[in-house]
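The report below describes one protein structure, with attention to strand pairing, salt bridges and surface exposure.

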Amino acid sequence: HAQFAGVCTATSFVGNGANLTGVPGALSFAQQWRLTSNKSTSSTSSDISANLEVVDSGGYGGTGGTMTESSGIFTFPSTGIYLIMAKGSYAVSGGGQSDYNEMDLHTTTDGSSFNRAAIGWCCIVSGGYGTAACDFVFNVTNTSTHKVKFRGASESSSAYLTANTNDNQTHFTFMRIAAT
């Protein structure tokens, strides 16, 4: 919206902007992955390294390429600034309680040494559910060395991450929000 000598003009477009390229601020990549099978957790944080898939139901609309995943380690399709969001949905077997449940997001910039970049917690009261969520803005300057993985932990041995192949329960979102 520009204004000159009391006259206001505007530029607009029709559509959702999904096909815009070369436009500063245009979202060029978005993808979601999810856990497809429940995962037991323990008091020691462990990698979420199996039963992962790209979301493929409910009118899913990822765009701009694909992340690759190997044993729970995700590789980015191109360099850029990425917003990474992780949500761990927790439940307790037998309707119990778990006061401490976490979702961790770990990054590496050298391809091998992962460090926790973000963490989220939740508490589950008797018979309930909880969601531990965290997010991180990651500057991916080299797709060979800059990677991410996710971990979960619970204080109760009967707590677990919930999952399903038909809807997002424990899931991860990747969006390229800017060039590097």
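Eight bridges join strand β10 to strand β13 (residues 147-154), and the two run antiparallel. Two strands are taken to pair if DSSP finds at least two bridges between them, and the strands themselves are DSSP runs (E, at least two residues; helices are H or I, at least four), numbered from the N terminus. Within this pairing, the bridge partner of Leu105 is Phe150 in β13.

This is a predicted model, in which local features need pLDDT of at least 70 and side-chain atom pairs count only at pLDDT 80 or more, while totals for chains, interfaces and linings use all residues. Residues are numbered from 1 along each chain as its sequence is written, and side-chain values use heavy atoms, with hydrogens and water left out.

Strand β10 spans residues 98-108 and also pairs with strand β11 (residues 115-124), in the antiparallel sense and over eight bridges. Here Asn101 has Cys122 of β11 as its bridge partner. The hairpin of β10 and β11 has six residues between the strands, and in it Gly111 takes a positive phi near 85°. β10 is mostly covered, since nine of its eleven residues are buried, where buried means under 20% relative accessible area, exposed means over 50%, and partly exposed lies in between (1.4 Å probe, protein chains only).

Thr108 lies in β10 and counts as buried, at 1% relative accessibility. Its side chain makes a polar contact with the side chain of Asp110 at 2.8 Å; such a contact is a pair of N or O atoms within 3.5 Å, where, within protein, one must be able to donate a hydrogen and the other to accept it, and residues adjacent in sequence count only if both atoms are side-chain atoms. Leaving aside residues up to four places away in sequence, Thr108 touches Ser113, Phe114, Phe138, Thr145, His146 and Lys147, with contact meaning heavy atoms within 4.5 Å.

A search of the whole structure finds four salt bridges, each defined as a side-chain nitrogen of Lys or Arg within 4 Å of a carboxyl oxygen of Asp or Glu. The table lists three of them.

| Pair | N to O distance | Separation in sequence |
|---|---|---|
| Arg34 and Glu53 | 2.9 Å | 19 residues |
| Asp47 and Lys149 | 3.3 Å | 102 residues |
| Asp47 and Arg151 | 2.9 Å | 104 residues |

Asp47, in strand β5 (residues 46-47), thus has a salt bridge to Lys149 in strand β13 and another to Arg151, also in β13. Asp47 is partly exposed, with a relative accessible area of 26%, and Arg151 is likewise partly exposed at 22%, whereas Lys149 is buried at 13%. Arg34 and Glu53 belong to strands β3 (residues 29-35) and β6 (residues 52-54), respectively, and Arg34 counts as buried at 1% relative accessibility, as does Glu53 at 17%. Arg34, Glu53 and Asp56 are linked in a network of salt bridges.

On the surface, Leu27, Val137 and Ile177 form a nonpolar patch with about 230 Å² of accessible area together, the areas coming from the Shrake-Rupley method with a 1.4 Å probe and, for residues, only the protein chains shown counting as cover. Patches are made of residues with over 30% relative accessible area and no salt bridge, like charges being joined within 9 Å and nonpolar side chains (Val, Leu, Ile, Met, Phe, Trp, Tyr) within 5 Å. Ile177, placed in strand β15 (residues 171-178), is partly exposed with a relative accessible area of 38%.
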